[in-house]
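Biologist: Could you take one single part of this protein and show it to me up close? I'm a first-year student, so please explain the terms as you go.

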Amino acid sequence: MAQTVRLPLPRLFPAFASLIAFIVAVPCLHSDPLKEPTSMLRTGFEDGLRGWRTQGDAEFALDTAMKHSGAQSARITIAPGTTLSYQQLKWELGPVNPGDEFRVSLWVRSRGVATDPGAYAALQFLDGAGQRSGIVHSTTSRTNGANDWQRLTMAGTAPKGTENATLDL
């Protein structure tokens with residue numbers, strides 16, 4: 001039996017089985033107090049998977065039957081016997097500065113997830129060479145979203161040396 005995780009966006013990580021996700025918002029509070037907070041990603045999968053990169057051996061699709069809100073969610077399905085290797089959707093948040101603060105909120109639902117870390121999200125901070133300078137995770141558990149839609153949140157501040165960031169589901 002394939003595992004499925006669904007991610008619906010109201011307009012987010014690797015799933016072992018099936019993951020469905022829905023993103024609410026990724027606001028950025030800039031390190032410069034004179035700059036207004038910026039919403040770097042506030043959308044759902046209403047525009048499909050446009051702008052999302054896929055990673056790993058999995059089926060990445062939209063799901064109109066299982067959704068939290070809006071018309072559809074994103075789904076990552078990993079076939080039985082497939083090696084788990086951080087199958088995920090990735091969103092480039094663009095140039096960021098050390099000290100920028102991020103808050104992420106998303107909804108996940110999963111089915112058939114038998115191992116930890118389960119359905120979760122990560123915010124990765126990258127230096128100019130694309131190497132990780134920091135990472136923040138939502139709660140990780142194979143039970144995330146197992147019984148119903150579950151809201152996951154995380155917050156992080158870009159560390160010294162950060163030039164870019166990604167949101168990984």
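Modeller: Here is a walk along one strand, its partners and what surrounds it.

Before we start: this is a predicted model, in which local features need pLDDT of at least 70 and side-chain atom pairs count only at pLDDT 80 or more, while totals for chains, interfaces and linings use all residues. Residues are numbered from 1 along each chain as its sequence is written, and side-chain values use heavy atoms, with hydrogens and water left out.

The protein has 12 strands and 0 helices (both are DSSP runs numbered from the N terminus, strands, E, with at least two residues and helices, H or I, with at least four). Our part is strand E9, which covers residues 122-126 and holds Gln124.

Let's place E9 first. An open sheet is built from 5 strands in the order E4-E7-E12-E9-E10, with antiparallel pairing (two strands pair if DSSP finds at least two bridges between them). Strands E4 (53-55) and E10 (132-137) are at the edges, each pairing on one side only. From one strand to the next, the twist averages 25° (axes are lines fitted to C-alpha atoms, for helices over the stretch in contact, and angles between N-to-C directions run from 0 to 180 degrees). What holds such strands together? Strands of a sheet pair through backbone hydrogen bonds, either parallel or antiparallel.

E9 has antiparallel partners in E10, over 5 bridges, and in E12, over 5 bridges. In E10, Gln124 finds its bridge partner in Ile135. In E12, Leu167 stands opposite Leu123. E12 runs from 164 to 168, and 4 of its 5 residues are buried. E12 is also joined to strand E7 (residues 88-95), again by 5 antiparallel bridges, and there Trp91 stands opposite Leu167. So Leu167 faces Leu123 of E9 as well as Trp91 of E7, if you trace the sheet across.

Now zoom in on Gln124. Is it buried or exposed? Gln124 counts as buried because its relative accessible area is 12% (buried means under 20%, exposed over 50% and partly exposed in between, with a 1.4 Å probe and protein chains only). Its side chain makes a polar contact of 2.4 Å with the side chain of Asp168 (a pair of N or O atoms within 3.5 Å; within protein, one must be able to donate a hydrogen and the other to accept it, and residues adjacent in sequence count only if both atoms are side-chain atoms). Setting aside residues up to four places away in sequence, Gln124 touches Lys90, Arg132, Gly134, Ile135, Asn164, Ala165, Thr166 and Asp168 (contact means heavy atoms within 4.5 Å).

Next door is Leu123. With neighbours within four places in sequence left aside, Leu123 is in contact with several residues, including Leu93, Phe102, Val104, Ile135 and Met154. Leu123, Leu89 and Leu169 have the most contacts inside the largest nonpolar core, a set of 25 residues (such a core joins buried Ala, Val, Leu, Ile, Met, Phe, Trp, Tyr and Cys residues through side-chain atoms within 4.5 Å). Two or more residues of this core come from each of strand E6 (73-78), E7, strand E8 (101-111), E9, strand E11 (150-157) and E12. E8 gives the most, with 4 residues. In soluble globular proteins, nonpolar side chains tend to be buried together.

E9 also has an aromatic residue to look at. Across the whole structure there are 3 aromatic pairs (rings of Phe, Tyr and Trp, the last by its six-membered ring, with centres within 6.5 Å; planes under 30 degrees apart are stacked, over 60 edge-to-face and the rest tilted). Phe102 and Phe125 make a tilted one, at 5.7 Å centre to centre and 55° between the planes. It links Phe125 in E9 with Phe102 in E8, 23 residues apart in the chain. Phe102 is buried, with 1% relative accessibility, and Phe125 is buried with a relative accessible area of 1%. Elsewhere, ring pairs tie Phe45, Trp52 and Trp91 into a cluster.
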